[in-house]
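Q: Could you walk me through how to read the strands, helices and domains of a model like this one?

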Amino acid sequence: MKSFAFHSPGTVPDAFALLNDVSESKLLAGGMTLLPTIKQRLAEPAALIDLAKIPQLSAITVDGDALVIGAMARHIDVVTSAIVRSKVPMLAHLAAGIGDPAVRNRGTIGGSVANNDPSADYPAAVLALDAIIVTDRREIPASAFFTGLFETSLEPNEIITSIRFPIPSTAGYAKFKSPASRYAVVGVCVAKAGGRVRVAVTGAGPCVFRVPEMETALEARFEPGAIASIKITAARLNSDIHADAEYRAHLVTVMAKKAVAAAIQGL
Amino acid sequence: MSNIIGIGKAPRRKEDFRFLTGRGNYVADVKRPDMVFGVFVRSPHAHAVIRGIDKTEALALPGVQAILTGEDVAADGLGSLPCGWGIHGADGLPMKEPPFPMLAQGKVRFVGDMIAFVVADTLREARAAAECLAVDYEVLPPVVGVLEAVRSDAPLLFDDVPNNLCCDWELGDKAAVTAAFRKAAHVARLSLVNNRLIGNPMEPRAAIAEYNRGRDHYTLWTTSQFPHVVRFLMAALVLKLPEQKVRVVAPDVGGGFGVKQFHYGEEAVITWAAKKVERPIKWVADRSEGFVSDRHGRDHVTEAELALDENGKFLAFKVTTLANMGGYLSTFGPNIPTNLYGPLLSGVYTTPAIYCNVKVVFTNTVPVDAYRGAGRPEATFVLERIVDVAAAEMKIDRVELRRRNMIARDAYPYQTPVLVEYDSGDPLGCLEGALTAADAAGFSARKAASERAGKFRGLGFSTYVEACGLAPSRFAGRLGARGGLYESATVRVHPTGQVTVLIGTHNHGQGHETTFAQIVSDKLGVPFDGVDIVFGDTDRVQFGMGTYGSRSLVVGGAALSKASDKVIVKGKKIAAHLLEAGEHDIQFEAGVFSVAGTDRSKSFAEIAGAAYVPHNYPLEVLEPGLEEQAYYDPINFTYPGGCHIAEIEIDPETGTVTLEKYTAVDDVGTVINPMIVAGQLHGGIVQGVGQALFENAVYDEVSGQLLSGSFMDYCMPRADHLPNMTVETHSTLCTHTPMGVKGCGEVGTIGSPAAVINAVVDALSHLGIHHVDMPATPNRIWRIIQNAAMQQAAE
Amino acid sequence: MIIKFTLNGRSRKVDVEPATPVTDLLRETLNLTGTHVGCDTSQCGACTVLFNGDAVKSCTLLAPSLDGAALTTIEGLSGSSGSNRLHPMQEAFHENHGLQCGFCTPGMVMTAVALVTRNPAPTEAEVRHGLEGNLCRCTGYQNIVASVMAGAVAMNEPAIGE
């Protein structure tokens with residue numbers, strides 16, 4: 001690792017001030033992506049600003065009809081949270097499938113969402129639940145947040161503080177994980193809120209995306225069979241040594257059905 | 001003595017404590033005073049001419065002590081990395097053996113080929129300088145696959161190796177095979193790929209070298225399975241140093257699997273550089289570096305044909321293989337797909353005529369060499385796959401077809417048509433045992449249950465035999481071995497009667513410190529706790545060929561047994577003197593020397609004490625001290641064998657294959673420690689399952705880049721991929737090793753790929769599938785199911 | 001920068017360069033070489049340690065993050081120094097032949113201890129799932145799984161003499 005400075009601010013404004021004052025500084029959340037990136041010399045920040053010492057960033061609360069998860073809540077915190085388990089159990093299930101136990105003990109929801117890895121799990125849930133990404137300066141709807149491969153609409157030095165998930169009537173997540181990396185080859189999150197259904201897919205394309213045909217079909221009939229014959233096109237899907245685009249397209253339907261089944265079971 | 005723990009017992013391992021408490025001593029743990037750090041600059045290109053290397057800028061960076069390149073190697077007149085085997089082609093000519101310089105000279109031939117060695121005060125400084133080194137490449141088109149490499153228009157790795165063909169090797173009676181095929185009632189044919197693997201022991205390779213100018217002496221700590229061989233090859237052939245001036249230490253080594261049984265360029269470079277900088281140098285490979293520099297395994301493309309008569313008796317077997325050698329010949333490279341492959345094609349069957357042709361081919365990939373099983377899994381895979389193909393085509397039950405062709409237990413010793421003579425075995429006994437243990441009879445009910453759940457279930461069988469206990473030196477010499485393959489052991493009895501064993505094999509997970517202690521405890525009647533095993537240091541251990549090829553117990557254990565016998569012989573002489581009896585009247589049992597028919601006796605410790613305090617001692621005819629050494633060169637290979645049965649389930653929706661049950665019944669000869677043998681089988685089986693279901697080293701055909709270059713993309717088997725396995729032994733004794741042992745390190749890896757793939761094909765047989773290449777990944781299986789469905793719809 | 005933390009039950013104060021992974025701090029500065037490095041992509045788990053009781057990969061944890069925390073490495077698991085007494089999980093690995101070359105072992109044992117701390121009576125499937133972040137190339141995992149199951153039972157038994 002090339003050398004860098006390390007700061008541990010105690011408040012969000014302090015973090016913001018450091019970000020602005022120290023050139024080429026980066027925020028450190030769980031470090032599950034950032035630290036390997038630095039180790040491989042793909043990033044060379046001059047300073048890291050650690051968010052771990054800002055206690056309010058890891059709170060998990062209910063605010064009206066929304067579940068609010070602090071940006072620094074670790075995956076394990078989401079897995080074990082009684083609030084999450086009672087309000088949106090799908091999120092606990094999703095978080096339990098991220099990486100491995102050691103990753104879950106360090107990785108955070110804010111870090112995952114900000115990084116927007118095309119095969120990360122959380123972006124599917126954020127988009128399907130129509131969540132709000134709350135930052136130090138504004139609230140960004142999920143539909144406007146994920147803009148491309150590792151790209152989001154975050155401004156330079158903008159800090160995610162929490163994710164606000166409207167509590168759905170039901171939701172399910174199903175993931176076909178890479179046996180090597182544990183990332184999603186394809187992950188599908190299905191959420192039903194009121195009469196509306198949203199289907200979001202991660203892993204399959206360069207960025208998380210929705211499948212309107214499936215949403216329409218599920219709004220008419222919320223059961224796996226309703227979408228069994230809906231095939232998405234393989235064009236523009238990812239293709240690599242583990243899964244070609246056609247296979248990924250096929251898996252979207254398979255995982256969507258499983259996600260619906262999970263939603264019906266209330267998982 | 002109460003704590004004699006002998007052969008057949010399962011004491012817990014003596015070596016566990018240091019590993020369980022974080023007190024192992026691996027190379028990366030070693031620190032030397034004033035140590036500096038080395039980094040290798042590796043080629044980012046698969047094939048390129050090196051136009052020039054400009055060290056100026058890098059040398060000026062802080063902390064940099066030295067930057068060495070191929071030009072420096074040439075200027076010092078150093079040798080090429082040697083190949084330990086010189087095989088000959090069908091035309092009688094020797095294989096093409098282009099030089100393998102320890103740092104590239106003029107050209108690079110694979111991504112990862114070494115360009116330069118940078119030494120600096122800190123690792124960070126060495127890395128910075130390595131990144132800054134200016135190398136001017138003229139990039140050439142690469143060739144990574146064997147089929148492409150032998151085409152007339154393929155890029156050539158070496159100007160003087162036409163068609164990239166290292167050797168066109170053959171074995172067997174071609175005329176007899178041709179004649180047998182003419183008489184055949186049925187011929188089964190099969191084309192297959194044996195996928196390239198990366199061994200990935202969990203400890204990355206590492207080395208530390210130190211030069212002492214006062215003594216003109218070098219010490220190399222290295223992650224090696226055979227330190228004495230490294231010393232010999234490096235000192236005598238590469239660096240041209242006096243062998244006695246070089247000490248090679250391989251301390252605790254975190255797994256080998258073949259990957260660490262070669263003499264690597266890094267070892268020679270760092271030793272050479274240590275004298276130049278006169279400070280100890282440490283190099284520890286990153287895992288990413290290991291992926292492009294650890295020798296790879298397998299990588300065959302094969303066509304096979306099996307001729308059968310109308311009853312399913314095998315008449316002849318013909319195999320043509322293209323074997324990938326990568327960019328250079330590694331230490332054992334050309335031996336693996338030839339001598340360790342062709343002679344195994346008889347399997348446990350009575351096939352009277354076999355012919356095998358292997359084209360050994362250079363490509364722009366990491367050099368390929370031995371990986372657990374080494375040639376024998378490849379042979380078993382071809383044979384056991386084609387037996388299933390033949391059974392399906394002739395509509396004969398797969399098990400029945402195997403039974404009809406097996407060598408009967410009473411037909412041993414059995415001379416195969418491909419060089420080797422099996423001394424003992426009972427293939428049918430293993431098969432029947434495995435059928436019972438696997439509850440094969442209950443399979444149809446389990447298959448029906450899977451079908452009700454929308455899943456496909458398959459059962460796969462593989463029998464196998466391996467030639468191991470490498471190796472009878474004279475026989476190996478005839479096949480092209482350039483070294484001996486014996487082993488040595490010293491039994492040093494201390495004045496207190498405790499024992500230190502110095503042995504030339506190397507323990508890197510196999511439990512030698514326990515197994516060998518059991519042998520000594522058993523032979524000499526000394527307490528198990530009173531025996532220590534020393535290995536892995538050329539200054540402590542007399543000599544040895546190291547650990548590979550399932551040889552440690554077979555060859556090293558035999559040397560140890562012989563040395564123990566010599567101790568007893570001398571002990572009897574001492575006892576005869578002390579007990580005032582004739583030497584022939586002395587009996588030795590359970591650690592006590594006694595005069596036959598009397599109650600006069602001396603304990604082993606008393607004899608040892610007398611040997612070292614020789615006051616009442618026959619000094620006129622007997623030397624004091626009690627230490628004996630033996631070298632053992634086996635008279636034949638050993639031939640473990642067995643039957644493996646895999647049961648898998650396929651989810652046709654995703655193509656995922658799940659291993660549901662695995663049963664192995666193996667004939668490994670005498671079992672010294674059943675706990676350790678079971679552990680070796682578990683690990684071996686899972687490496688074979690990894691090849692069948694998960695692992696694949698993939699190169700980009702255009703760029704020659706390794707696409708599966710990390711654990712993110714190279715799928716290692718994990719705990720949640722696997723079921724518990726059932727492993728049993730059904731042993732016949734080896735007739736020519738002192739204890740009847742056959743070896744067990746590789747058997748699991750040899751039997752399992754074919755068993756798993758045969759199960760996968762069985763599960764898909766209703767779709768008309770007769771072969772699936774490895775690894776049977778979800779994408780591949782889904783594609784096969786899709787294609788079969790389309791084909792059935794079209795019909 | 002100066003960091004203060006509890007290492008294997010004892011308070012430590014160390015001056016570290018911030019860009020130091022905990023693996024380097026342990027292995028190079030503090031001479032605790034039981035924590036191993038088996039990869040550079042946070043995949044193998046050989047470097048697993050307990051960070052405030054949670055299993056984490058120390059290759060992907062920065063030394064400054066230790067400030068104020070409690071860290072346990074394999075060297076600190078078996079209790080008082082100078083004693084050969086093993087932790088029940090270490091004992092279970094020994095008894096069940098849950099290790100061969102020993103390189104993955106520290107990470108496996110630390111992961112297992114954390115797993116059982118969270119889930120005192122895991123099923124075999126839960127153990128296999130819980131070990132998904134730890135690679136072993138020697139054992140085929142079978143005896144490791146058996147060790148963790150046995151270790152779980154032992155960890156829940158009251159210690160003799162305590």
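Q: Let's start with a single bridge: which residue of β2(C) is the bridge partner of Lys4(C)?
A: Strands of a sheet pair through backbone hydrogen bonds, either parallel or antiparallel. In this predicted model, Lys4(C) has Lys13(C) as its bridge partner in β2(C). The two strands involved, β1 (residues 2-7) of chain C and β2(C), are antiparallel and share six bridges.

Q: In what order do the strands of that chain C sheet run?
A: Happy to lay it out: the sheet is open, has five strands and reads β2-β1-β5-β3-β4 (chain C), with mixed pairing. Its edges are β2 (10-15) and β4 (54-57) of chain C, each of which pairs on one side only. From one strand to the next, the twist averages 40°.

Q: Which strands does helix α1 of chain C touch?
A: Helix α1 (residues 22-29) of chain C packs on the sheet and touches β1, β2, β3 (48-51) and β5 (70-72) of chain C. Its direction makes about 80° with that of β1(C). Now add helix α3 (residues 105-118) of chain C, which lies across β3, β4 and β5 of chain C and runs at about 40° to β3(C).

Q: Chain B has a sheet as well; what is the strand order there?
A: Here five strands make an open sheet of mixed pairing, in the order β7-β15-β14-β13-β8 (chain B). The edge positions belong to β7 (165-172) and β8 (186-198) of chain B, each pairing on one side only. Neighbouring strands of this sheet are turned by 10° against each other on average, direction ignored. Looking inside the sheet, β13 (residues 296-308) and β14 (residues 314-326) of chain B pair in the antiparallel sense over nine bridges. One pair to find on screen is Thr302(B) with its bridge partner Thr321(B) in β14(B).

Q: Which helices lie across the strands of this chain B sheet?
A: Try helix α6 (residues 174-183) of chain B, which lies across β7, β8, β13, β14 and β15 (353-362) of chain B, at about 130° to β14(B). Helix α10 (residues 376-394) of chain B lies across β8, β13 and β14 of chain B, running at about 145° to β8(B).

Q: How do α10(B) and α11(B) pack against each other?
A: For a helix pair, read the angle and the distance between axes. α10(B) and helix α11 (residues 398-405) of chain B pack at about 115°, with axes 9 Å apart. The two helices are therefore roughly perpendicular to each other. Their crossing is right-handed. The contact residues include Glu384(B) and Asp388(B) of α10(B), together with Arg398(B) and Arg402(B) of α11(B). By class, the residues of this contact divide into four nonpolar, no polar and four charged.

Q: And what about α18(B) and α19(B): at what angle do their axes cross?
A: The axes of helix α18 (residues 674-693) and helix α19 (residues 747-764) of chain B cross at roughly 40° and come within 7 Å. That angle is why α18(B) is oblique to α19(B). Again the crossing is right-handed. Among the contact residues are Gly684(B) and Gly688(B) of α18(B), and Gly748(B) and Pro753(B) of α19(B). This contact has nine nonpolar, seven polar and no charged residues.

Q: Zooming out, how is chain B divided into domains?
A: Note that a domain can be built from separate stretches of chain B: domain 1 is 16-22 + 486-630, domain 2 is 31-140 + 202-255 + 260-291, and domain 3 is 296-470 + 636-794. The C-alpha centres of domain 1 and domain 3 of chain B lie 40 Å apart. Their contact takes 17 residues from domain 1 and 20 residues from domain 3 of chain B.

Technical notes
Residues numbered from 1 in each chain as written. Chains lettered and ligands numbered in written order. Predicted model: local features only at pLDDT ≥ 70, side-chain atom pairs only at ≥ 80, totals over all residues. Heavy atoms only, no water. Pairing = 2+ DSSP bridges. Helix = DSSP H or I, 4+ residues; strand = E, 2+ residues; numbered from the N terminus. Axes fitted to C-alpha atoms, helices over the stretch in contact; angles between N-to-C directions. Contact = heavy atoms within 4.5 Å. Parallel < 35°, antiparallel > 145°, perpendicular 65-115°, else oblique. Left-handed = near helix turned anticlockwise from the far one by under 90°. Nonpolar A, V, L, I, M, F, W, Y, C, P; charged D, E, K, R; others polar. Domains from an automatic or database assignment.
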